[in-house]
Amino acid sequence: MIIDSARLNGPCSCGREHLMVTREAVIEAGCMEKLDFYAAKYGLTGQRAVVYDENTYQAKNLVRPKAAQEIVLPPENLHANEIAVGMLRERLKSGIDYLVAVGSGTIHDTTRYCANELGIPFVSCPTAASVDGFCSTVSAMTWKGYKKTMPGVAPMFVLADTDIIKEAPLYLALSGAGDIFGKYTALADWKIAHALTGEYFCPVIEKMTRQAVEAVYSCCRGLKTGDASAFEQLTYALILSGLAMQLMGNSRPASGCEHHISHLIEMGPAAFDFHSDALHGEKVGVGTILASRVYHQLGQISDISSLVREYAFPEESVIRSFYGEKLAHSILEENRKDCMAGVTPDMLIHAWPEIRSIIAEIPDADSLYALYEEIGAKKTLSDIQVPEEALSDLLRFSPTARNRLTLMRARWMIREASCGNQL
């Protein structure tokens, strides 16, 4: 399977001109052996450094391309953060002309960040279908404890070798499926923001992302049985979602309230006396169920005119108490130019009928739960090492993790007492 992403360059029906850096994505058995061919095809010459972690370096069926330098990072406590970036930069020899990331999300985000810093190209070689960020233009980093999007560079091309990907542990593929199912609520949040404030919306990008979700929904049951075509379809969906983000220039089509729940858990605010080792996609998958339940409960309210109040971001003292001094400054700075500024009760009331119709497009929480149970994915807070009593704080504070308009954030304008205890 080959995605000719270069054809997506240029003017779009949405009125904008999109830029696609990634020229091609190859998803097929044995394609890692063609790295030299594709490097020549797209003009990548000179010395390359190939970046792995130790687990990936020993992966079954892995083809290690020849390189001027191999960098193998230790997997223990390896995260996409300033520590990993420091390790990679410290080991990288001078004179390297381009970087090749061989691994999953952490290796990719760390490598793309360094490639951007150095101003050199980057090539993506996923070894597990675990995340949708392989083709992203940005790096999803936890920088000094704060989860944030930082500059990166999109890959020139992608070689996703299904001989390697299908041999990765199943939980990695299920994490990738969870990341994709998060698009149900992410796309809803994007459309809701458009309905509420006229935020830019592109139907072509929305369609690409929805195609990714539909591909995974149709194939995910085959992951448990090791169906090679299921892994190919999942990988296709993850790459397609990343290409949609690349067209957009940010993560808006792929990241909404469900990701903010994941980000909040990953940041570990002072009020949380627990730690989750769950993968990003596992947390996103659970966050999608939580968000679906909340959104559908809101959607049951036909007339919110008597329930809406003026918008207000949480008081600074509340943010400092919840996050602690280590994170509070970053959170307050992130939200300084509030995405909900200017949204009035009348605007929310006027948009509510359309918002309800958008909510109706999201699968209900019980259906998602049943699907996750069928395929063996993590589906509850306890599954991802989060106590159930943290639910209220997760729903209340997760919108502060990212200054992005979502229904979970707009929900602050709806009086909670009339929306059920869950809200």
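In which handedness of crossing does α3 pass α4? I opened the notebook with this point and found that the crossing of α3 past α4 is right-handed. I note at the outset that the model is predicted.

**Entry 1: the helix pair**

I looked up the two helices, α3 (residues 82-91) and α4 (residues 105-118), and found that their axes come within 10 Å. The axes cross at roughly 60°. I recorded α3 as oblique to α4, because an angle of this kind falls under that term.

I then listed the residues that meet. On the α3 side they are Ala 84, Val 85, Leu 88 and Arg 89. On the α4 side I noted Thr 110, Thr 111, Tyr 113, Cys 114, Glu 117 and Leu 118. Sorted by class, the contact of α3 with α4 has six nonpolar, two polar and two charged residues.

**Entry 2: the cores**

I turned to the largest nonpolar core, which has 105 residues. I asked which of its members touch the most others, and the list reads Phe 181, Ile 239, Tyr 323, Leu 348 and Leu 407. Helix α9 (residues 228-248) gives this core its largest share, twelve residues. Apart from it I found another core, of 22 residues, which includes Leu 88, Tyr 113, Ala 115 and Met 150.

I followed Ile 239 further. With its neighbours within four places in sequence left aside, Ile 239 is in contact with Ile 3, Ala 25, Ile 27, Cys 135, Val 158 and Ala 160.

**Entry 3: Met 248**

I located Met 248 in helix α9. Is Met 248 buried or exposed? I entered it as buried, because its relative accessibility is 13% and the cut-off for buried is under 20%.

Beyond four places in sequence, Met 248 is in contact with Trp 190, Tyr 200, Ile 205 and Pro 253. I checked one of these partners by C-alpha separation: Ile 205 lies 43 residues from Met 248 along the chain, and the two C-alpha atoms are 7.2 Å apart.

**Entry 4: Ser 255**

I found Ser 255 in the loop between α9 and α10 (257-267). Its relative accessible area is 6%, so I entered Ser 255 as buried.

Which residues does Ser 255 touch, not counting those up to four places away in sequence? I noted Ala 186, His 263 and Arg 404. I also looked up Tyr 171, which is 84 residues from Ser 255 in sequence. The C-alpha atoms of Ser 255 and Tyr 171 are 21 Å apart in space.

Key. Residues numbered from 1 in each chain as written. Predicted model: local features only at pLDDT ≥ 70, side-chain atom pairs only at ≥ 80, totals over all residues. Heavy atoms only, no water. Core = buried A, V, L, I, M, F, W, Y, C linked by side-chain atoms within 4.5 Å. Buried < 20%, exposed > 50% of the residue type's maximum accessible area, 1.4 Å probe, protein only. Helix = DSSP H or I, 4+ residues; strand = E, 2+ residues; numbered from the N terminus. Contact = heavy atoms within 4.5 Å. Axes fitted to C-alpha atoms, helices over the stretch in contact; angles between N-to-C directions. Parallel < 35°, antiparallel > 145°, perpendicular 65-115°, else oblique. Left-handed = near helix turned anticlockwise from the far one by under 90°. Nonpolar A, V, L, I, M, F, W, Y, C, P; charged D, E, K, R; others polar.
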